[in-house]
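Q: I am new to this structure and would like a close look at a single part. Please pick one residue, describe its place, and then work outwards.

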Amino acid sequence: MISIPHKTKQFLVLLIKVLIVAGAFYFIYNQLANNDKLDWVQFMTKFKKNQSVAGIGFILLLSVLNRYFEILKWQNLASYIKPISVLEATKQVLAALTAGIFTPNGVGEYAGKALYYEKHETKQVVFLNLICNGIQMVLTILIGLVGLFYFNIQFNIVETQTVLLIFGVLILVFVVLFSIKKIAIKGYSIEKLIQKINEIPKRIHRKNILLGSCRYLVFSHQYYFLFLAFDVDLPYLTLMSAVTSVYFLASSLPTFQFLDFAVKGSVAIFFFGILGVNEWIVIFVSTLMWFLNVVLPVVIGSYYVLNFKSPLAPENSATRKHI
């Protein structure tokens, strides 16, 4: 093996940190500066008309709560490996978010969190992060299906027979998957996955589901309140069914974090277009959701990326030996 001098390693680590942060900020700037669908004149007119310190504070509070519940979810799951503080969980979640902003479906988050742990803990960290994201996906699908079904009843986008056929196919897929759960592919099977999940204490799973539900309620209602701020006057159930349908369909599409608002925006235009909402309002609400829940956390996460120290760093090893 080729031995790399310690100073060279330090320089390479610093270079990677700077590239991650620079790349994140470039993608953010590029999306905001070059999106010709964002009508800033209309936005400023509407903002000046409806601006309220309490309203802005409330929307920002929802962004903080959204990320806070995600941090608590990770703190809860990481306790299966070792207990960590809220501050440490914050550092890991925000740094991982920054690292994953330009990877498909946030895959970089898995590697970002794993870097904070010992090498032999990597598989466990990746698995726990899968559980962390998995519960959010399950909630998005279940609530989204209910919302989509309600929306379809109201506006009859798809024939009832087609909807029932889709539900039937989904149920059939689940039945088939669980009937062949013992079949292993490259050593992995559904049965082994279920066994691994069951190894985690039930109290951790219960807390994960509760925190995931709280987070879903927060970010879906943040979407709802932003539409209210733009004078969109629609019945609560109708608006929320559109919001949950957008999250359900958008989450099923492979995408990058920095393109998240574009994907959700395009899906949202279809649903809210049926409700008669102006396209520019839909795009601005989607962009604001992305800015508040991705861009701002990434800005904070950039600090943690630049100050990242590996648990295998020489000074940490020396400290452990001394202890």
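A: Start with Ser245, which sits in helix α10, residues 236-251. The model is predicted. Ser245 has a relative accessible area of 0%, so it is buried, the cut-off being under 20%.

What does Ser245 touch, apart from its neighbours within four places in sequence? Its contacts are Gly144, Gly147, Leu148, Phe151 and Phe271. With Leu148 there is also a polar link: a polar atom of the Ser245 side chain lies 3.2 Å from the backbone nitrogen of Leu148.

Several of these partners belong to an annotated span. In an unreviewed UniProt entry, "transmembrane region" is the annotation for residues 126-151, among others. That span is 100% helix and 0% strand. Its end C-alpha atoms lie 36 Å apart. The UniProt annotation also covers residues 261-282, and Phe271 is a contact of Ser245.

Now look at Phe271 itself. Its relative accessible area is 2%, so Phe271 is buried. It forms an aromatic pair with Phe270. The ring centres are 5.3 Å apart and the planes meet at 85 degrees, an edge-to-face arrangement. Phe270 has 45% relative accessibility, and therefore counts as partly exposed.

Go back to helix α10 and move to Tyr236. This residue is in α10, and its ring partner Tyr224 is in helix α9, twelve residues away. The pair links distant parts of the chain. The ring centres of Tyr224 and Tyr236 are 5.2 Å apart, with the planes at 80 degrees, so this pair is edge-to-face. Is each ring residue buried or partly exposed? Tyr224 is buried, at 11% relative accessibility. Tyr236 is partly exposed, at 40%.

Between α9 (202-229) and α10 runs a loop, and Asp231 is found there. Asp231 is not a glycine, yet its phi is positive, at about 65 degrees. Its relative accessible area is 41%, so Asp231 is partly exposed.

More rings gather in this part of the sequence. Ring pairs join Tyr216, Phe219, Tyr223, Phe227, Tyr247 and Phe272 into a cluster. Across the whole structure, a search finds 15 aromatic pairs.

For another helix, take α4, residues 86-99. It has 14 residues, which at 1.5 Å a residue should span 20 Å. The end C-alpha atoms are 20 Å apart, so the two values agree. Ten of the 14 residues are buried, so α4 is largely enclosed by the rest of the structure. The buried ones include Ala89, Thr90, Gln92 and Val93. The run from Leu94 through Ala95, Ala96, Leu97 and Thr98 to Ala99 is buried too.

Finally, the whole chain. It has 13 helices and zero strands. Read along the sequence, the pattern is α repeated from start to end. Residues 288-306, one of the spans annotated as "transmembrane region" in the UniProt entry, are 100% helix, with end C-alpha atoms 26 Å apart. Of the 323 residues, 42% count as buried. Among contacts with a separation of 6 or more, 75% come from residues 24 or more positions apart. The chain exposes about 18,300 Å², and carbon and sulfur atoms supply 70% of that area.

Notes: Residues numbered from 1 in each chain as written. Heavy atoms only, no water. Helix = DSSP H or I, 4+ residues; strand = E, 2+ residues; numbered from the N terminus. Buried < 20%, exposed > 50% of the residue type's maximum accessible area, 1.4 Å probe, protein only. Contact = heavy atoms within 4.5 Å. Areas by Shrake-Rupley, 256 points an atom, 1.4 Å probe, with all protein chains shown as cover. Polar contact = N/O pair within 3.5 Å; in protein donor to acceptor, adjacent residues only side chain to side chain. Expected span 1.5 Å × (residues − 1). UniProt positions renumbered as here; feature names shortened; annotations may be inferred. Phe/Tyr/Trp six-rings, centres within 6.5 Å; stacked < 30°, edge-to-face > 60°.
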